[in-house]
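Look at the fold with the sequence beside it. The walk below starts at one pair of strands and works outward.

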Amino acid sequence: MFRDLNVYWIRAKEVPGWTPDLVEDSDEEELSCLDNHKFVYPVATFIDDGSIIEELEAMQSTEEQLPSNSEQPLSSFLSPPTMGKLKGALFGPEESSSFGYQESNETPPLKRSVEVIDVEDISDLSSNKKQLVVPKKEKEFLSDHRPILLRESAHDYGPVPFRFFHHWIHLEGFNDFVTSTWNSAPSVDSNGMRNLAGKLKFLKAHIKIWIKDNKSETVSTIANLKKELNQLDAVIDKGTGTEVEAEKRMEVLAALRNIDHIHSMDLAQKAKIKWSIEGDENSNFFHGILNKKRNQMNIRGITIDGVWKEQPNDVKQEFLSHFQDRFAKPSERRANIDMRFPKTISEDQSQDLEREVSKQEIKTAVWGCGTDKSPGPDGFSFGFYRHFWPVIEHDVYMAVNHFFIHGEIPPGCNSSFIALIPKVPDANLVKDFRPISLIGSIYKIIAKILSNRLVNVLGDIVNEVQSAFIAERQMLDGPFILNEILQWCTKKKKKTLIFKVDFEKAFDSIRWDFLDDVLKEFGFRCKWRNWIQSCLTSSKGSILVNGCPTNEFQFYKGLKQGDPLSPFLFILVMESLHLSFQRIVNAGMFKGIVLDQSLCLSHMFYADDAIFLGEWSDGNISTLIHVLKCFFHASGLKINLNKSKIMGINVESAQVIQAAAKLGCLVLKCPFYYLGTRVGGSMTRVQAWQEIVEKVKSRLSKWKSKTLSIGGRLTLLKSVLGSIPVFHMSIFKVPSKVLHILESIRSHFFNGHDPGSKKASWVKWNNVLTDKKRGGLGVSSLFALNRGLMIKWVWKFLSQKDSLWTKVIVAIHGVGGKIHSEWTSTGKSCWLLILSKVRSLQRKGMYVFDYLTHKMGNGE
């Protein structure tokens with residue numbers, strides 16, 4: 001590539017079995033939407049004479065006589081035969097549209113350096129200017145079909161905010177510099193939070209200067225070390241070297257390795273690969289991950305009112321306007337939920353929530369935050385806080401203590417960046433991006449302390465129908481219950497309604513005044529509620545567009561995704577929906593699924609994933625929609641009917657379609673996914689696992705296998721690949737053929753072989769699956785993992801008597817859950833399939849219940 005000349009040369013060589021995906025849409029659509037594009041194309045192999053070049057050279061000699069804005073086509077300057085050859089060279093045979101690459105065995109007629117020739121109006125594709133780049137080399141891998149369409153666009157979105165990198169800690173003199181700079185920072189404010197923010201700002205300015213100087217010194221140091229190494233090698237190669245030169249050479253190599261190691265730490269933090277091992281941090285794998293992330297996260301433009309916009313100011317303003325409207329102040333008029341909550345926090349719990357903060361509690365909160373999380377506007381990660389904790393501990397304590405004493409957050413101390421995560425590939429609309437808040441370190445410590453206190457009381461006031469973020473409740477409880485209910489309703493031939501609700505921008509829509517009312521009804525006292533309101537009302541944000549922040553705006557509603565407090569506050573809001581809907585069920589206005597005399601199930605929540613169940617009837621459907629609309633007027637949580645889905649069990653499809661059309665929602669069909677797990681259908685078939693197999697294959701692309709060392713591949717196998725199918729493996733028995741396919745994929749990846757390759761393996765896969773104590777590598781066997789996860793449900797059934805899923809099992813299968821009973825058929829019941837596996841192990845001499853015993857711990 002020649003970037004300065006705006007000339008791009010692409011070398012394409014033959015790769016068997018590879019078909020490049022160059023243009024997703026048709027060529028005509030792509031060309032019509034581009035303003036500036038270039039054809040980068042070498043001379044085609046089927047041009048066997050120099051007639052084109054001769055005419056082009058003749059045209060070039062008269063180029064100065066032509067007006068610069070000439071719109072005459074190239075065909076007016078070239079003869080028809082030559083024009084036809086040129087079109088053939090550019091676009092290939094008309095009957096062929098596939099891409100292929102081959103090496104020319106003939107010497108091209110051109111014997112000169114790279115020539116850039118302006119070509120206009122070729123085959124009437126566009127009136128825009130193109131460039132034909134002709135190579136100077138005699139033999140190249142050349143395309144014999146169509147040109148490669150490139151587009152160059154460089155837009156400056158502004159300066160990138162400061163960010164602390166962990167490898168700085170390992171630079172010589174950096175620790176002492178930070179300590180001296182922090183101690184010399186002025187303390188001009190009695191407000192602890194403003195004082196800490198001022199010191200961080202002061203340190204940040206000085207770090208920028210220090211790092212800039214260090215980078216220039218590092219470049220010269222590397223050059224000097226390489227020069228010295230070459231000199232030492234020359235002396236040693238001549239045979240005149242001594243032990244002094246050999247030792248000196250080792251010192252030089254160690255210095256170079258240390259610099260490279262520091263650089264690799266920088267890449268590891270940017271790539272955010274948690275499972276990496278030493279030796280792979282600076283590999284092609286990490287560079288590939290970085291390039292992929294940058295490509296996916298890069299915002300090239302936005303469609304505004306049907307018009308594509310690329311100018312940075314236009315793009316940033318559109319995002320700013322959108323999020324200002326999303327978090328704008330809601331209407332003062334709202335509905336009130338007049339009801340008393342049956343469960344409230346106790347007086348002791350209130351006092352514990354409002355206790356004074358201690359240094360140990362602050363330290364626990366700091367250590368509870370991830371060290372490699374993206375920082376907020378202040379730019380400092382919690383890796384910085386941990387490393388320099390002895391230096392900054394007092395200032396952090398004074399800042400946090402100020403909040404817990406005065407209950408207020410000064411302006412600027414609760415600012416956040418909003419990172420934009422694409423929800424769909426090739427996102428080009430503002431709504432196609434999911435906002436994730438990157439909050440500042442000072443506020444995050446406060447929010448972490450509040451969330452650590454709040455989580456201790458949630459289990460006492462939140463009903464069992466909610467399974468998110470509460471101790472001894474799991475995400476898989478919901479899918480497990482749904483599978484059992486679907487099987488039970490099908491077997492009993494009960495007409496059942498299942499309504500899967502999608503809330504529109506759930507976290508961003510919560511009204512703060514409604515949240516305060518909910519906290520008050522749960523018994524939270526004024527001091528705690530004032531702390532929560534201070535955290536909410538002081539929040540401001542700016543959107544990061546290609547790394548550059550927009551202007552700051554004020555939040556007036558919503559809970560920030562990325563705030564440690566948000567999930568727990570949202571659970572309390574959803575608990576108010578549960579209580580409201582339960583009153584409707586108790587009043588007989590909505591009929592749920594009556595499993596037995598003690599259990600009637602009508603809804604289940606996991607954060608904003610809500611699913612309602614009941615008898616199929618028009619009255620149930622209308623009541624449900626009415627309740628959700630009333631809840632919207634009170635809380636701000638609006639149901640998105642366009643994405644919500646309705647399903648009927650033992651109900652004619654015409655009735656379900658009619659109900660969906662009346663509501664304006666979608667039809668839900670079995671099997672479907674709930675919380676990432678498949679619900680309904682038969683998981684004993686190989687086809688049911690095909691999607692999971694493809695997902696594993698996609699995570700094991702060929703380039704990962706080729707760019708990772710065997711140690712990196714082993715670490716990837718242990719930490720990532722085993723977790724991909726774990727949800728399904730926790731509930732369903734995996735067919736033996738699927739297990740064989742998955743193990744084959746893992747084996748080929750570990751050995752660095754292509755999928756389907758029959759190359760010999762250096763290590764037997766059974767040895768890889770063997771425990772380390774027995775000489776293996778300790779990779780989990782998927783067969784053993786599947787059985788262990790399934791049997792764990794038996795342990796949960798015996799140990800968690802009060803959980804909702806246990807009550808469902810008892811209601812459907814009896815008091816003992818048929819653990820020691822006989823049954824004729826398992827059907828599609830997940831529970832009975834698990835018990836059948838337990839009995840299968842017993843027939844082989846392994847008695848599972850002998851291993852299920854109570855064990856007294858020490859509380860750690």
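**A walk through the fold**

Leu544 of strand 13 has Pro549 of strand 14 as its bridge partner. This is a predicted model, where local features need pLDDT of at least 70, side-chain atom pairs count only at pLDDT 80 or more, and totals for chains, interfaces and linings use all residues. Residues are numbered from 1 along each chain as its sequence is written, and side-chain values use heavy atoms, with hydrogens and water left out.

Helices (H or I, at least four residues) and strands (E, at least two) are DSSP runs, numbered from the N terminus. Two strands pair if DSSP finds at least two bridges between them. Strand 13 (residues 540–545) and strand 14 (residues 548–549) run antiparallel, joined by two bridges. Their hairpin has two residues between the strands, and Asn546 takes a positive phi near 55°. Strand 15 (residues 553–554) also runs antiparallel to strand 13, again with two bridges. There, Lys540 stands opposite Gln554. Strand 9 (residues 415–422) runs parallel to strand 13, and four bridges join them. Ser415 of strand 9 faces Lys540 in this pairing.

Buried means under 20% relative accessible area, exposed over 50%, and partly exposed in between (1.4 Å probe, protein chains only). Why is strand 13 largely enclosed by the rest of the structure? Five of its six residues are buried.

Now move to another sheet. It is open and has five strands, in the order 18-19-11-21-22, with mixed pairing. Strand 18 and strand 22 (666–667) each have a single partner strand, so one side of each is left without a neighbour in the sheet. At one edge, strand 18 (residues 603–606) runs antiparallel to strand 19 (residues 609–615), with four bridges between them. Phe605 pairs with Ala610 of strand 19. The two strands form a hairpin with two residues between them, and Ala607 in the turn has a positive phi of about 55°.

In a regular strand the side chains alternate between the two faces of the sheet. In strand 18, His603 and Phe605 lie on one side, Met604 and Tyr606 on the other, and all are buried. At the other edge, strand 21 (residues 645–649) and strand 22 run parallel through two bridges. Here Ile646 stands opposite Val667.

Ile646 also leads into the interior. A nonpolar core is a set of buried Ala, Val, Leu, Ile, Met, Phe, Trp, Tyr and Cys residues joined through side-chain atoms within 4.5 Å. The largest such core has 128 residues, and Ile646 is among those with the most contacts inside it, as are Phe319 and Phe524. Helix 18 gives the most to this core, with 12 residues. Apart from it lies another core of 76 residues, among them Leu482 and Val794.

Phe524 turns up again beside a loop. Ile345 sits in the loop between helix 8 (312–326) and helix 9 (347–353). Its relative accessibility is 9%, so Ile345 counts as buried. Contact means heavy atoms within 4.5 Å. Leaving aside residues up to four places away in sequence, Ile345 touches Ser350, Leu353, Val457, Ile461, Phe522, Gly523 and Phe524. Ile345 and Glu521 are 176 residues apart in sequence, yet 9.7 Å apart in space, C-alpha to C-alpha.

Finally, the whole chain. The protein chain has 29 helices and 24 strands. Of its 860 residues, 47% are buried. Among contacts with a separation of 6 or more, 73% join residues 24 or more positions apart.
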